[in-house]
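The following paragraphs lead the reader through a molecular model, from its packing to its aromatic pairs and individual residues. The sequence and structure are shown first.

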Amino acid sequence: KVLTRPTRHDSLLFSEIFFVSICTSELSMKVYVDPINYWKNGYNLLDVIIIIIMFLPYALRQLMGKQFTYLYIADGVQSLRILKLIGYSQGIRTLITAVGQTVYTVASVLLLLFLLMYIFAILGFCLFGSPDKGDHDNWGNLAAAFFTLFSLATVDGWTDLQKQLDNRAFALSRAFTIIFILLASFIFLNMFVGVMIMHTEDSIRKFERELMLEQQEMLMGEKQVILQRQQEEISRLMHIQKNADCTSFSELVENFKKTLSHTDPMVLDDFGTSLPFIDIYFSTLDYQDTTVHKLQELYYEIVHVLSLMLEDLPQEKPQSLEKVDEK
């Protein structure tokens with residue numbers, strides 16, 4: 001047999017099989033660990049749909065053959081598997097949550113926009129869609145009027161649409177176009193964007209609060225672990241105190257401190273409320289007050305010395321007085 005080098009198609013096929021195998025294994029393990037609660041998470045359901053989309057072209061090739069007419073559609077739908085990255089990115093999930101929270105508000109804004117377009121579509125059909133001299137391409141029926149109003153709402157090519165109405169000498173065309181653009185583009189579309197931004201900021205703040213709470217919980221867990229370890233060490237020291245050469249427990253603790261390195265963590269819960277610490281803290285404040293008082297006295301002395309030096313300096317006479325003395 002003649003050995004041939006693997007082609008680019010073989011490499012892509014191997015990577016495809018490897019990717020599908022990893023995703024299928026992940027899905028199987030998650031379902032095996034928690035078969036009931038797994039289906040309650042929306043992102044898990046999205047993973048299941050993506051897995052089904054991955055296997056769809058292979059199933060169609062086996063059932064319908066490679067000459068199936070709509071097989072290319074199944075191959076194109078496989079591009080949706082990039083949505084699997086959503087489950088691994090907290091930022092993308094935050095944005096999707098924000099979009100989900102804006103569904104009802106955005107639906108209300110879109111409904112109002114639809115009613116506005118429906119009213120103006122009927123007006124446009126009645127004003128500019130007459131059979132004799134009207135603009136049949138843009139205002140000839142309700143569907144064409146809706147499409148024209150959508151172009152006006154997005155302010156895309158509205159000058160060309162207005163020019164066609166001006167060529168037919170419609171008197172109210174400019175007022176109609178300006179009023180609709182002001183209502184649809186400057187009010188409703190900006191309202192839509194504002195609602196999206198508002199809910200996105202709320203979701204980001206909520207995500208930051210949740211992240212802060214998670215960090216605090218992690219720190220509290222680490223603190224509890226450290227406290228438990230220190231309590232175990234103290235219990236062990238108290239247990240071996242009888243067999244040690246130390247005369248008291250405090251001496252045993254001092255000997256234990258000598259074995260600690262600078263990287264060993266220590267939690268001092270009651271340190272700030274202990275009487276020795278308060279005594280040392282107040283003494284330090286007294287020293288600071290004394291130092292500040294001495295610095296102020298030194299500052300006053302320096303100012304006094306500078307003032308005396310300025311008085312001893314010879315003062316220069318004005319030029320006018322010098323001229324008088326010469327005369």
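**Nonpolar cores and their surroundings**

In the largest nonpolar core, which has 20 residues, the members that touch the most other members are Trp139, Leu149, Leu152 and Phe180. Two or more residues of this core come from each of the helices α5 (103-128), α7 (142-153), α8 (158-167) and α9 (173-240). Helix α5 gives the most, with 6 residues. It should be kept in mind throughout that the model is predicted.

Phe180 illustrates the packing in detail. Setting aside residues up to four places away in sequence, Phe180 touches Leu116, Met117 and Phe120, and also Leu149, Leu152, Ala153 and Ser185. A second core, separate from the one just described, consists of 8 residues, among them Val20, Cys23, Tyr38 and Ile50. As general background, nonpolar side chains in soluble globular proteins tend to be buried together.

The UniProt record must be considered alongside this packing. In an unreviewed entry, it assigns the annotation "transmembrane region" to residues 41-60, 103-127, 139-155 and 175-197. Within the model, residues 41-60 are 95% helix and 0% strand, with the end C-alpha atoms 29 Å apart. Residues 103-127 are 100% helix and 0% strand, and here the end C-alpha atoms are 35 Å apart.

The cysteines may be taken next. How many disulfides does the model contain? The count comes to 0 disulfides. A disulfide is a covalent bond between the sulfur atoms of two cysteines. Cys23, a member of the second core, has a relative accessible area of 3% and is therefore buried, the limit being under 20%. Cys126, by contrast, has a relative accessibility of 56%, and because this is over 50% it counts as exposed.

Aromatic rings provide a further view of the packing. The model has 9 aromatic pairs. Tyr38 and Trp39 form one of them, an edge-to-face pair with 5.2 Å from centre to centre and 90° between the planes. Tyr38 is buried, at 4% relative accessibility, whereas Trp39 has a relative accessible area of 42% and is partly exposed.

The rings of Tyr118 and Phe146 have centres 6.4 Å apart and planes at 35°, so this pair is tilted. Because Tyr118 lies in helix α5 and Phe146 in helix α7, the pair ties together parts that are 28 residues apart in sequence. Tyr118 is partly exposed, with a relative accessible area of 38%, while Phe146 is buried, at 19%. In addition, one aromatic cluster is formed by Phe120, Phe128, Trp139, Phe176 and Phe180. Trp139 and Phe180 were introduced above among the residues that touch the most other members of the largest core.

Two residues complete the account. Ser151 belongs to helix α7 and has a relative accessibility of 15%, so it counts as buried. Beyond its neighbours within four places in sequence, Ser151 is in contact with Asp156 and Leu161.

Val155 is found in the loop between α7 and α8. Is this residue buried, partly exposed or exposed? At 37% relative accessibility, Val155 counts as partly exposed. Its backbone also merits inspection: the phi of Val155 is near 55°, a positive value in a residue other than glycine. Most residues other than glycine have a negative phi.

Conventions: Residues numbered from 1 in each chain as written. Predicted model: local features only at pLDDT ≥ 70, side-chain atom pairs only at ≥ 80, totals over all residues. Heavy atoms only, no water. Disulfide = S-S within 2.5 Å. Buried < 20%, exposed > 50% of the residue type's maximum accessible area, 1.4 Å probe, protein only. Core = buried A, V, L, I, M, F, W, Y, C linked by side-chain atoms within 4.5 Å. Helix = DSSP H or I, 4+ residues; strand = E, 2+ residues; numbered from the N terminus. Contact = heavy atoms within 4.5 Å. UniProt positions renumbered as here; feature names shortened; annotations may be inferred. Phe/Tyr/Trp six-rings, centres within 6.5 Å; stacked < 30°, edge-to-face > 60°.
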